[in-house]
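Let's take a walk through a protein chain together, one stop at a time. Keep the picture open and turn it around as you read.

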Amino acid sequence: TSGAWSPAVDIYETPEAIEMTLEIPGVQQQDIKVNLENNLLTITGERRLEHEDKREGYHRVERNYGSFGRSFTLPSTVDPNRIKAVFENGLLYLTLPKRPETQPRAIEVKVK
């Protein structure tokens, strides 16, 4: 089918970062855009039909094609200058490191 669709996402938080994985098979790297503005992370792109001509012989087309988009409001603990995105085997991995001052730290207790 053609039109807007929404890729599945997994979000996991560690003490150091928020990790996101978006499932976008069949999308080319150059068709993916990741933007951050005012703590709003937006991932957009497009999956194109391999053969855009009307082919005879199709019995069923269930995969979604066309534009997609997902947006996430980030907490203030995320350091926007250190966000990383890697696309591999149809998965987009985003690492959103937390600001060092917001990460938990251990305080040594001394005995006298």
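Start at leucine 96, which touches Ala17, Ile18, Met20, Leu41, Leu74, Val78 and Ile83, even when you leave out residues up to four places away in sequence. One thing to keep in mind as you look: this is a predicted model. You'll find leucine 96 in strand E7. Is it buried or exposed? At 0% relative accessibility, leucine 96 counts as buried. The chain also folds back on itself here: the C-alpha atoms of leucine 96 and glutamate 16 are separated by 8.7 Å, although these residues sit 80 places apart along the chain.

Now zoom out. The chain has 7 strands and 0 helices, so to speak a plain row of β when you read along the sequence: β-β-β-β-β-β-β. Of its 112 residues, 24% are buried. The accessible surface comes to about 8,400 Å², and 47% of that belongs to carbon and sulfur atoms. What about contacts between parts of the chain that are far apart in sequence? Among contacts between residues at least 6 apart, 54% join residues at least 24 apart.

Next, how do the strands sit side by side? Strands of a sheet pair through backbone hydrogen bonds, either parallel or antiparallel. Here, an open sheet of 4 strands runs in the order E1-E2-E7-E6, with antiparallel pairing. Its edge strands are E1 and E6 (84-88), each of which pairs on one side only. From one strand to the next, the twist averages 15°. Look at where E1 meets E2: 5 bridges join these two antiparallel strands. One spot to find there is aspartate 10, whose bridge partner in E2 is threonine 21.

Now move over to E3 and E4, which pair in the antiparallel sense over 6 bridges. Glutamate 37 has leucine 40 in E4 as its bridge partner. These two strands form a hairpin with 2 residues between them, and asparagine 38 in this hairpin takes a positive phi near 55°. On its other pairing, E4 meets E5 in the antiparallel sense, over 8 bridges. There, the bridge partner of isoleucine 43 is arginine 70 in E5.

Stay with E4 a little longer. In a regular strand the side chains alternate between the two faces of the sheet. You can follow that along E4: Leu41, Ile43, Gly45 and Arg47 make up its covered face, while Leu40, Thr42, Thr44 and Glu46 make up the uncovered one. Which residues does isoleucine 43 touch? Leaving out residues up to four places away in sequence, its contacts are Leu22, Ile32, Lys33, Val34, Phe68, Gly69, Arg70, Phe72, Leu92 and Leu94.

Some of these names come back in the largest nonpolar core. That core has 16 residues, and Met20, Ile24, Leu41, Ile43, Leu92, Leu94 and Leu96 touch the most other members. The elements that give two or more residues to this core are strands E2 (17-23), E4 (40-47), E5 (66-73) and E7 (91-97). Our starting point, leucine 96, is on that list of well-connected members.

Last stop: the charges. Side chains of opposite charge can pair when their charged atoms come close. How many salt bridges are there? The count comes to 4. One of them joins lysine 98 and glutamate 13, whose closest N and O atoms are 2.5 Å apart. Lysine 98 lies in the segment after E7 and glutamate 13 in strand E1 (residues 9-13), so this pair ties together parts that are 85 residues apart in sequence. Lysine 98 is buried, by the way, with a relative accessible area of 9%.

Another pair is aspartate 31 with arginine 48, at 3.1 Å between the closest N and O atoms. Aspartate 31 is in the loop between E2 and E3 (32-37) and arginine 48 in the loop between E4 and E5, 17 residues apart. Aspartate 31 is buried at 15% relative accessible area, whereas arginine 48 is partly exposed at 41%. Glu46 joins in too: Asp31, Glu46 and Arg48 are linked in a network of salt bridges.

Finally, find arginine 82 and aspartate 79, which form a salt bridge with their closest N and O atoms 3.0 Å apart. Arginine 82 is partly exposed at 37% relative accessibility, and aspartate 79 is buried at 12%.

Methods
Residues numbered from 1 in each chain as written. Predicted model: local features only at pLDDT ≥ 70, side-chain atom pairs only at ≥ 80, totals over all residues. Heavy atoms only, no water. Core = buried A, V, L, I, M, F, W, Y, C linked by side-chain atoms within 4.5 Å. Buried < 20%, exposed > 50% of the residue type's maximum accessible area, 1.4 Å probe, protein only. Contact = heavy atoms within 4.5 Å. Salt bridge = Lys/Arg side-chain N within 4 Å of Asp/Glu carboxyl O. Areas by Shrake-Rupley, 256 points an atom, 1.4 Å probe, with all protein chains shown as cover. Pairing = 2+ DSSP bridges. Axes fitted to C-alpha atoms, helices over the stretch in contact; angles between N-to-C directions.
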